[in-house]
Amino acid sequence: GEYSNAKNLYARCIGLFKNMSKVQRDSLDESMLATRSEILTLLNTNCALCLLRKNMPNDAIKHCNEALSFDKSNAKAYYRMA
């Protein structure tokens, strides 16, 4: 039930993965890049759920769109966006 705290933690994690330095990003191989995309998708869909619980649908849609930018076939993101 602590959706504000959960949302803040998800947002911090998203920031860490998205704002990875260019040197770090360039050192990742294909499997690591795929894992990074999966994690960012998961974090964004979970953050969207927290925002929906806090009655913030527009922000939730932004996170769903962000999740879909990493995985176009993510059913959770489409469901939460709807």
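1. Nonpolar core. In this predicted model, the largest nonpolar core has 11 residues: Ile-14, Leu-40, Leu-43, Cys-47, Ala-48, Leu-51, Ala-60, Cys-64, Ala-67, Leu-68 and Ala-77. Helices α3 and α4 each supply at least two residues of this core. The largest share, five residues, comes from α3.

2. Ala-77. This member of the core is in contact with Thr-45, Cys-64, Ala-67 and Leu-68, leaving aside its neighbours within four places in sequence. Of these partners, Cys-64, Ala-67 and Leu-68 also belong to the core. Those three residues are also among the buried residues of α4.

3. The buried side of α4. Which residues of α4 are buried? They are Ala-60, His-63, Cys-64, Ala-67 and Leu-68. These residues cover an arc of only 145° around the axis, so they lie on the same side of α4. The cover over the buried residues of α4 includes α1 (3–18), α3 (30–53) and α5 (75–81).

4. The other side of α4. Are Asn-58 and Lys-62 buried or exposed? Both are exposed, and they sit on the other side of α4. A residue counts as exposed here when its relative accessible area is over 50%, and as buried when that area is under 20%.

5. Length of α4. The helix takes in residues 57–70, 14 residues in all. At 1.5 Å a residue it should span 20 Å, and its end C-alpha atoms are 20 Å apart, which means that the expected and modelled values agree.

6. Overall fold. The chain has five helices and zero strands. Along the sequence, the pattern reads α-α-α-α-α. The radius of gyration is 13 Å, close to the 12 Å given by the globule rule for 82 residues, so the chain is as compact as a globular protein of that length. Taken along the principal axes, the box filled by the C-alpha atoms is roughly 40 × 25 × 15 Å.

7. Contacts across the sequence. Consider the contacts in the chain with a separation of 6 or more. Residues 24 or more positions apart account for 51% of them.

8. Burial and surface. How much of the chain counts as buried? The figure is 27% of the 82 residues. The accessible surface of the chain comes to about 5,500 Å². Carbon and sulfur atoms hold 55% of that surface.

Technical notes
Residues numbered from 1 in each chain as written. Predicted model: local features only at pLDDT ≥ 70, side-chain atom pairs only at ≥ 80, totals over all residues. Heavy atoms only, no water. Helix = DSSP H or I, 4+ residues; strand = E, 2+ residues; numbered from the N terminus. Expected span 1.5 Å × (residues − 1). Buried < 20%, exposed > 50% of the residue type's maximum accessible area, 1.4 Å probe, protein only. Arc of directions from axis to C-beta. Contact = heavy atoms within 4.5 Å. Rg over C-alpha atoms; globule rule 2.2 N^0.38 Å. Areas by Shrake-Rupley, 256 points an atom, 1.4 Å probe, with all protein chains shown as cover. Core = buried A, V, L, I, M, F, W, Y, C linked by side-chain atoms within 4.5 Å.
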